[in-house]
Amino acid sequence: MPTTITPTSTEPKPKRHLEDHDHGSGRRPPTDKRTGGGGDNDNWNDRPNGNRGPRERLVRYRMGIFFALASDLMFFVAIVSTFFVSQSTGHFDAYNNYVNEWSPTLIPPILWLNTAVLILSSITMEAARRRMFHEVDVMDEWLGLGKPITRGAIPWVAATVILGIVFLIGQWVAWTQLALQHVFFLSNPSSHFFYLITGVHGIHLILGIFGLSAALIGLYASRSLESRQIMVDCAAWYWHSMGIFWLFLFTLLVFFQ
């Protein structure tokens with residue numbers, strides 16, 4: 001019986017692209033090294049706005065804090081500008097003599113201690129903020145294996161609240177000391193700006209203490225780690241900004257009167 005020979009096809013086989021190979025895993029290998037190879041579409045940056053994970057929410061809240069602080073900065077700049085204008089402004093009396101009513105206000109020594117207290121409070125708040133993002137312990141909280149970072153941050157936030165209250169008490173003592181020297185709000189332009197600057201900053205610090213207290217309550221009550229991190233982070237940035245503002249204003253009162 002004759003043997004039948006089947007001719008082989010001379011048509012070239014279609015090339016398979018690299019992405020068609022699954023390498024035995026059932027899906028193509030990850031091409032974005034930023035995802036860590038954990039699966040398809042793991043890269044947050046490739047997702048639409050509003051669906052990019054916890055970090056997007058944190059950035060959004062931070063931007064809100066920074067915009068609010070920008071308006072505060074402009075307010076303080078306006079006060080400082082008026083400070084220097086008033087310092088160099090005078091008038092002519094009935095005898096055609098130029099009179100400048102600016103008389104430097106003696107800074108109560110307790111303000112130096114208050115400044116040290118506020119710097120220390122900024123350090124304790126930063127310790128709390130860093131604790132909330134401690135990578136080694138974050139995973140335990142995500143997995144529901146306790147609250148190691150929250151428990152570690154609570155004492156630091158509480159210490160910041162206490163130091164903030166101590167600072168405000170010190171400011172009140174400074175006002176009392178000036179009053180005993182008969183230096184009041186309307187005594188002269190310098191005392192006017194001293195009370196205005198310290199008073200406005202004190203109001204902002206009171207708002208900061210309310211924010212810290214809310215973050216402290218949230219550390220106990222909130223079930224969302226992400227929410228706890230955002231509360232502490234935003235409170236920390238606000239508190240740091242108040243510390244920086246005070247250092248600038250304190251330098252103004254001490255060295256530029």
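What is the relative accessible area of Arg-57? Arg-57 comes out at 25%, so Arg-57 is partly exposed (under 20% relative accessible area is buried, over 50% is exposed and anything in between is partly exposed, using a 1.4 Å probe and protein chains only). Everything here comes from a predicted model, where local features need pLDDT of at least 70, side-chain atom pairs count only at pLDDT 80 or more, and totals for chains, interfaces and linings use all residues. Residues are numbered from 1 along each chain as its sequence is written, and side-chain values use heavy atoms, leaving out hydrogens and water.

**View 1. The whole chain, to get your bearings.** The protein has six helices and two strands, and the order from the N terminus is α-β-β-α-α-α-α-α (these are DSSP runs numbered from the N terminus: H or I with at least four residues for helices, E with at least two for strands). Of the 257 residues, 37% are buried. About 16400 Å² of the protein is exposed, with 65% of that coming from carbon and sulfur atoms (areas are from the Shrake-Rupley method with a 1.4 Å probe, and for residues only the protein chains shown count as cover).

**View 2. Two of the annotated transmembrane stretches.** An unreviewed UniProt entry puts the label "transmembrane region" on several stretches, including 153-173 and 193-222; such annotations may be inferred rather than shown by experiment. In the model, residues 153-173 are 100% helix, and their end C-alpha atoms sit 31 Å apart. Residues 193-222 are 97% helix, with 42 Å between the end C-alpha atoms.

**View 3. Arg-57 and its partner Glu-226.** Arg-57 makes a salt bridge with Glu-226, and their closest N and O atoms are 3.4 Å apart (a salt bridge needs a side-chain nitrogen of Lys or Arg within 4 Å of a carboxyl oxygen of Asp or Glu). Glu-226 belongs to helix α6 (residues 225-255) and Arg-57 to helix α1, so the pair ties together parts 169 residues apart in sequence. Glu-226 counts as buried, at 16% relative accessibility. By the salt-bridge rule, the count comes to five.

**View 4. Asp-233 with two arginines.** Asp-233 pairs with Arg-62 in a salt bridge, the closest N and O atoms being 2.7 Å apart. Asp-233 is in helix α6 and Arg-62 in helix α1, so this pair ties together parts that are 171 residues apart in sequence. Both Asp-233 and Arg-62 are buried. Asp-233 also forms a salt bridge with Arg-129, at 3.3 Å between the closest N and O atoms. That pair links helix α2, home of Arg-129, to helix α6, across 104 residues. Arg-129 is buried too. Step back a little, and Arg-62, Glu-126, Arg-129, Arg-130 and Asp-233 are linked in a network of salt bridges.

**View 5. Asn-114, tucked into helix α2.** Asn-114 lies in helix α2 (residues 110-132) and is buried, with a relative accessible area of 3%. Leaving aside residues up to four places away in sequence, Asn-114 touches Phe-167, Gly-170 and Gln-171 (contact means heavy atoms within 4.5 Å).

**View 6. His-182 in a loop.** His-182 is in the loop between α4 (148-180) and α5 (189-221). Its phi is near 60 degrees, a positive value in a residue other than glycine. His-182 counts as exposed, at 63% relative accessibility.
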